[in-house]
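Trainee: I have a model open on my screen and would like to learn how to read it. Could you take me through it?

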Amino acid sequence: MGVKYIPEPFRIKMVETIKVLTREEREERLKKARYNVFYLAGEDCYIDLLTDSGTNAMSQEQWAGIMRGDEAYAGSSSYYKLVKAGQDIFGYEFIQPVHQGRAAEKVLFPILLGEGKYSISNMHFDTTRAHVELSGARAIDCTVKEAADPSIRAPFKGNMDNEKLEKLIIQYGPENVGCIITTITNNSAGGQPVSMANVRETAAICKKYGIHYNIDAARYAENAYFCKLREEECKNMSIKDIIKTMFGFADTFTMSAKKDTIVNMGGLIGIKKNDDLVGKVKVRTISYEGFISYGGLSGRDLEALAIGLYEGLDEDYLKYRIGQMEYLAARLDDAGIAYQSPVGGHGVFVDAKAMFPHIPYNEFPGQALALELYKEAGIRACDIGSYMLGNDPDTKEQLKADFEFTRLAIPRRVYTQAHIDIMADALIAIKERAASVKGYKITWEPEILRHFQAYLEPIV
Ligand code: F0G
């Protein structure tokens, strides 16, 4: 294996004990959870890779900030500190805190979308798709073709297919396209980065047709790090300059700050120019989130967020962070286990379709692998495939996803090299008995975002 583990650029000051259940206990817990990993208790998961969202370890500066948080209802100093940090990093005039990413979507999207409208994206994340649909609009994904083939190693598999984008705009009519969204990194495509060139081109198309351009900014720093590594024009730029330049192409951003900002809760809306939209966003924020100077967060959360916005940009940290993914990916390469390659920014997306070619999309190979990981080693991962995608909102038919991934999302600054080795060993053990693994069927599901709540049963 040619990849060395990049040592942690920090030391550990506080620990949390984790326990591993026996295999029999894990089997029993899974059955009780109706084969839905969201129903497992956190303490029953030895290594919890369900998400990298809100599961990060804060720094001593952030914890100190928690103590300094100003809890004034209106105009707290923590709010002003956060707004200043947001303006500095993204170059946007208006920064609105909200309690998490989907709150940003809930506040902003109905202003831009609604019945008969379309949102086109390099890929909508599940909650993003849900909020587009809840507004009455339809979400259309427009990812570059190479993203659909996990074995093709391309530098920017998260990109928007800009040629197709223009065709879609013409097909639906520019007046019906309420917004275009670039998700950085492209989570559902495997945490794959989007290039500066791609964003510039998408922005030019938006401008040509007079369409609003929004960035889904959850993993803004990891994306910028990939641009620095892989894109000539970004090679000599700082992470902060890359971010500011990229965000300069869009009109707004919605952000789940639970990822690259390394906090446990928070979100942001950014608006580049102090225009009419600001007033509309303020009104909806006050109704749904709380007064504009706290947006559903405590003062201490605002403080930690303001500090985390900068910590996420640190290059030593990003090198270690992406290095962890590369180390795990290299172990999988050695074992011949396919994943969305090259590995993305926040986790490894194992190609469950390749691991279980005998399980069809409507028996959910990505979910089957997630459940096997729990049985094998107490690792909780999740499906990013047809199970998560759900049903067509109009026909109610099961949709077929372009890929069937099991995502091992790695929380930031939480797990060590030994934990990463356990993940690789578990996948290798499952690969050896892959032919005997069976698919699953859904016995109950809610209308929207069904993967969080559905009940499943193994197909025997
Ligand atoms: N956009 C992207 C790209 C996301 O990855 C997420 C959340 C959201 C929006 C919504 O943000 O959770 O703060 O409301 N992704 C998490 C995940 C849940 O596991 O990937 P939120």
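Mentor: Let's go through the ligand site, the domains and a few backbone details.

Mentor: A word on the ground rules: this is a predicted model, where local features need pLDDT of at least 70 and side-chain atom pairs count only at pLDDT 80 or more, while totals for chains, interfaces and linings use all residues. Residues are numbered from 1 along each chain as its sequence is written, and side-chain values use heavy atoms, with hydrogens and water left out.

Trainee: Which residues come nearest to the ligand?

Mentor: A residue is near a molecule if one of its heavy atoms lies within 4 Å of it. Here 17 residues surround the ligand, and Arg102, Asp216, Ser256, Lys259 and Arg407 come nearest. By type, the shell has one nonpolar, nine polar and seven charged residues; Ala, Val, Leu, Ile, Met, Phe, Trp, Tyr, Cys and Pro count as nonpolar, Asp, Glu, Lys and Arg as charged, and the others, Gly among them, as polar.

Trainee: Which helix gives the largest share of the shell?

Mentor: That's α4, with three residues. Both α4 (101–112) and α5 (126–134) supply at least two. Helices (H or I, at least four residues) and strands (E, at least two) are DSSP runs, numbered from the N terminus.

Trainee: What lies 2.7 Å from an oxygen atom of the ligand?

Mentor: Look for polar contacts, pairs of N or O atoms within 3.5 Å. A polar side-chain atom of threonine 51 sits at 2.7 Å from a ligand oxygen, and an N or O atom in the side chain of arginine 102 is also 2.7 Å from a ligand oxygen. For the asparagine 187 side chain, the distance to a ligand oxygen is 2.8 Å. Taken alone the ligand exposes 470 Å², and the protein buries 95% of that (Shrake-Rupley method, 1.4 Å probe).

Trainee: How is the chain divided into domains?

Mentor: The bounds come from an automatic or database domain assignment: domain 1 is 23–52 + 315–458 and domain 2 is 60–311. Their contact (heavy atoms within 4.5 Å) takes 33 residues from domain 1 and 38 from domain 2.

Trainee: And how is an interface sized?

Mentor: Often by the accessible area lost when the parts come together. With a 1.4 Å probe and summed over both parts, the area buried between domain 1 and domain 2 is about 3000 Å², with carbon and sulfur atoms giving 56%.

Trainee: Where is there a cis peptide bond?

Mentor: One runs from serine 341 to proline 342, with omega near -5°; proline 342 is in the loop between α12 (315–335) and β9 (347–351).

Technical notes. Polar contact = N/O pair within 3.5 Å; in protein donor to acceptor, adjacent residues only side chain to side chain. Buried area = accessible area lost by both parts, 1.4 Å probe.
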